Amino acid sequence: MALYLKAAEVLEKAEMKQGALKTLVYDSKFPNIKQLFALVCETEKFSSILEELIESTKLLKQTKLKMHLAKVLVYDLLIGRGLKCGGSWKTMMMKHRSRLQAALARMKVKQNVSKNGDLLPDSVQRVVGVQLPRYARVNTLKTTVEDAVDYLKRDGFSYLGQASSLEDLTLRRKDFVLDLHLPELLAFSPKTDFHDHFLYKAGHIILQDKASCLPAYLLNPPPGSHLIDACAAPGNKTSHLAAIMKNKGKLFAFDLDAKRLATMSTLLLRAGVTCQQLANQDFLKVDPDSPQFKDVEYVLLDPSCSGSGMVCLRDDASSADQDAVQARLASLASFQLRCLNHGLKFPRLKRLVYSTCSIHSQENEDVVTACLQQNPGFRLVPLLAQWPERGLKPLTQCLRASTTKTRTHGFFVALLEKHSEAGNKMPEPAVQISKPEVAPLSPSTCEKRPAASEEESEASETEDTPTAAAEQAVATPGKKKRKRKKKAPTVE
């Protein structure tokens with residue numbers, strides 16, 4: 001029964017956005033990680049179908065189970081390989097099996113399908129089997145890209161240089177490349193696991209989806225800046241901002257959830273962040289005119305959203321009640337607009353970056369359009385001309401991201417800046433791109449490589465939280481060029 005209790009706990013935490021599914025699974029310390037991860041992912045995939053079955057049979061009322069636990073039990077009973085528990089739990093579920101099977105059969109007849117997988121909404125079926133690269137951002141507070149690459153090569157990985165196209169992100173096992181857009185981001189094959197790796201445990205690399213790295217990279221606050229991360233937990237973007245600032249300046253980070261803030265504190269400690277000031281506070285209640293924030297010039301705003309862009313958390317708008325879905329999106333958009341308007345009130349603000357992990361225009365372009373109408377003193381900054389997916393017209397200055405066009409989770413980013421007092425000259429691009437000094441891919445390795453032939457589908461985290469134990473700080477793999485011989489890391 002421990003498997004189902006732990007799976008239910010992970011699903012509940014993921015729903016509360018306390019971390020990505022895979023990280024929550026690893027942090028659980030469950031003895032059979034592979035078994036737990038498979039159950040959690042499959043249950044999440046069939047979540048809307050399981051919920052409908054549970055509600056139509058009144059299972060919660062008759063068993064006194066909670067929804068998340070009921071979902072994992074019903075999944076294994078009807079769709080998986082059978083219940084892996086005994087005793088009273090199995091007896092109870094077997095008592096309701098025939099009713100649940102009948103309800104599942106009625107769903108198939110109603111939708112005119114014969115397979116369980118065919119019940120999945122189109123939005124889920126399209127991402128089943130999607131394998132995104134495993135992205136790892138090099139934490140420049142503790143090491144350099146060159147030293148991280150050198151350490152990985154000595155650890156048995158094969159470095160192929162900098163990617164020149166999205167096709168170069170289709171990697172074989174143990175191959176890795178430097179990303180073609182972000183200079184401190186490494187891409188690995190989808191199944192690469194770093195949770196027990198030295199570089200991860202020491203805070204030298206941060207497991208973070210590429211799209212999630214965009215907001216801090218595009219905001220690009222200079223060292224010595226005062227800035228705000230408005231809805232900061234679990235903290236990957238905060239640590240990225242600190243690295244860009246070189247730990248010089250003041251980084252105010254707010255979050256309303258005390259548990260998420262505690263987790264974030266652990267992550268920042270491991271990442272070597274020292275310029276932060278954390279506050280368990282609602283950003284909307286922060287006073288922009290407070291003397292404490294008189295020098296704030298930059299704001300990163302990544303507010304609560306539908307999460308519809310995350311591969312493991314795609315919302316099911318096709319089978320859910322459309323009125324309820326639209327009402328939820330309207331509520332989220334209203335909250336997001338309030339946050340955006342509030343963020344623009346800081347008197348010395350120069351730039352604000354707004355981002356969501358949503359694919360819905362209601363939370364993205366519509367919110368930004370409404371904000372610009374209400375704040376005529378601000379305008380959009382054109383972002384990364386070479387980025388393959390733009391915001392919906394007319395907001396093409398913004399960026400979108402997707403599994404197909406950018407090989408990332410679904411995402412949206414807009415950068416707003418205050419009008420120049422000198423007049424209406426065009427805004428400068430957000431980031432001046434300079435190619436890092438790395439070896440380019442050879443012509444042979446630039447050709448499209450087949451994906452690793454793995455059975456299970458897996459997506460990299462949009463946000464990755466630290467392991468439960470706060471690891472001790474460990475020495476950098478090396479700030480100087482190392483010899484080919486691998487050395488054991490030393491503890492500070």
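Two strands pair if DSSP finds at least two bridges between them. The model used here is predicted.

**Exercise 1. Place β10 in its sheet.**
Task: State in which sense β10 pairs with β9 and with β13, and over how many bridges.

Solution.
1. Take β9 (residues 296–301). β9 and β10 pair in the parallel sense over four bridges.
2. Pick a bridge here. V299 has L352 of β10 as its partner.
3. Turn to β13. Its pairing with β10 is antiparallel, over six bridges.
4. Pick a pair here. V353 stands opposite L415 in β13.
5. Check the two sides of β10. R351, V353 and S355 point one way; L352, Y354 and T356 point the other.
6. Check burial. Six of the six residues of β10 are buried.

**Exercise 2. Find the covered face of α4.**
Task: List the buried residues of α4 (residues 47–56) and decide how they are arranged around the helix.

Solution.
1. The buried residues are S47, I49, L50, L53 and I54.
2. Look down the axis of α4. These residues fall within an arc of 165°, so they line one face of the helix.
3. Find the packing partners: α3 (33–45), α5 (59–63), α6 (67–79) and α8 (97–111).
4. Step past the helix end. Just after α4, K58 takes a positive phi of about 55°.

**Exercise 3. Decide where to read with care.**
Task: Give the mean pLDDT and name stretches below 50.

Solution.
1. The mean is 83, and 80% of residues reach 70 or more.
2. Residues 316–320 fall below 50, with eight contacts beyond near neighbours in sequence.
3. Residues 432–492 also fall below 50, with 166 such contacts in the model.
4. Where pLDDT is low, predicted coordinates should not be read in detail.

Methods: Residues are numbered from 1 along each chain as its sequence is written. This is a predicted model: local features need pLDDT of at least 70, side-chain atom pairs count only at pLDDT 80 or more; totals for chains, interfaces and linings use all residues. Side-chain values use heavy atoms; hydrogens and water are left out. pLDDT is the predictor's confidence in each residue, from 0 to 100. Contact means heavy atoms within 4.5 Å. Buried means under 20% relative accessible area, exposed over 50%, partly exposed in between (1.4 Å probe, protein chains only). The arc is that of the directions from the helix axis to the C-beta atoms.
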